[in-house]
Amino acid sequence: MAYRDLREFVKALEKAGELKRIKAEVDPVLEITEVTQRVARDAQRAENSVGPAMLFEKPKGSRYPLLVNAFGSVRRMAMAFEVEALEEVAARIRGFLDTKSPQGLFDKIKMLPKLAELGSFFPKSVKDGDCKQVIGREAR
């Protein structure tokens, strides 16, 4: 099952030990970039990684936290796709691309699960959503 939203993915990263929280106020103009580069260049970082994902909780001048380097390792990319290995994603895509036109009723019936999965990829229209949790109103 896919992550419901970015918050859920951040919780999964933290639970897996893949996230570092930066609680200090950090300037987004140059400081966040510098911190991210230093972490990425650290010789002690994990193999196939450019360091941990980092959640800057208080970017200066913003009331929103900033997540960086969320996909900076093979492990985190696999976590995002909810697979054990990225090759599984490639195999699924290849399966859709290699689909041949069904020849008979039995072939059409066998194709239904694949079509249902493909149909689930498209956006869905909803009346309400989590994006409406924070509503900014300008003072008049």
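In the predicted model, Arg76 is a buried residue, its relative accessible area being 0%. This arginine belongs to helix 3, which spans residues 74-81, and its side chain is joined to that of Glu18 by a polar contact of 2.7 Å. When residues up to four places away in sequence are set aside, the surroundings of Arg76 comprise Phe9, Leu13, Glu18, Ser49, Gly51, Pro52, Ala53, Asn69, Ala70 and Phe71, each of which is touched by Arg76.

Arg76 also takes part in the packing of helix 3 against helix 1. The axes of helix 1 (residues 6-15) and helix 3 come within 11 Å of each other and cross at roughly 135 degrees, and helix 1 is therefore oblique to helix 3. The crossing of these two helices is right-handed. Helix 1 contributes Phe9, Ala12 and Leu13 to the contact, while helix 3 contributes Arg76, Met79 and Ala80. Sorted by class, the residues of this contact are five nonpolar and one charged, with no polar residue present.

A further helix pair is formed by helix 4 (residues 87-97) and helix 5 (residues 105-119), whose axes come within 11 Å and cross at roughly 115 degrees. Because of this angle, helix 4 counts as roughly perpendicular to helix 5. Helix 4 passes helix 5 in a left-handed crossing, and the contact is made by Arg92, Gly95 and Phe96 on the side of helix 4 and by Lys114, Glu117 and Leu118 on the side of helix 5. The composition by class is two nonpolar, one polar and three charged residues.

Another arginine, Arg45, lies outside the helices, in the loop between helix 2 (31-41) and strand 2 (53-59). With a relative accessibility of 36%, Arg45 is classed as partly exposed, whereas Arg76 is buried. The side chain of Arg45 is engaged with backbone oxygens: a polar atom of this side chain lies 3.1 Å from the backbone oxygen of Ala40, and the side chain reaches the backbone oxygen of Ser49 at 2.9 Å. Apart from neighbours within four places in sequence, Arg45 is in contact with Val39, Ala40, Val50 and Gly51; Gly51 is also among the residues touched by Arg76. Between Arg45 and Ser73, a separation of 28 residues in sequence corresponds to a C-alpha to C-alpha distance of 10 Å in space.

Methods: Residues numbered from 1 in each chain as written. Predicted model: local features only at pLDDT ≥ 70, side-chain atom pairs only at ≥ 80, totals over all residues. Heavy atoms only, no water. Helix = DSSP H or I, 4+ residues; strand = E, 2+ residues; numbered from the N terminus. Buried < 20%, exposed > 50% of the residue type's maximum accessible area, 1.4 Å probe, protein only. Polar contact = N/O pair within 3.5 Å; in protein donor to acceptor, adjacent residues only side chain to side chain. Contact = heavy atoms within 4.5 Å. Axes fitted to C-alpha atoms, helices over the stretch in contact; angles between N-to-C directions. Parallel < 35°, antiparallel > 145°, perpendicular 65-115°, else oblique. Left-handed = near helix turned anticlockwise from the far one by under 90°. Nonpolar A, V, L, I, M, F, W, Y, C, P; charged D, E, K, R; others polar.
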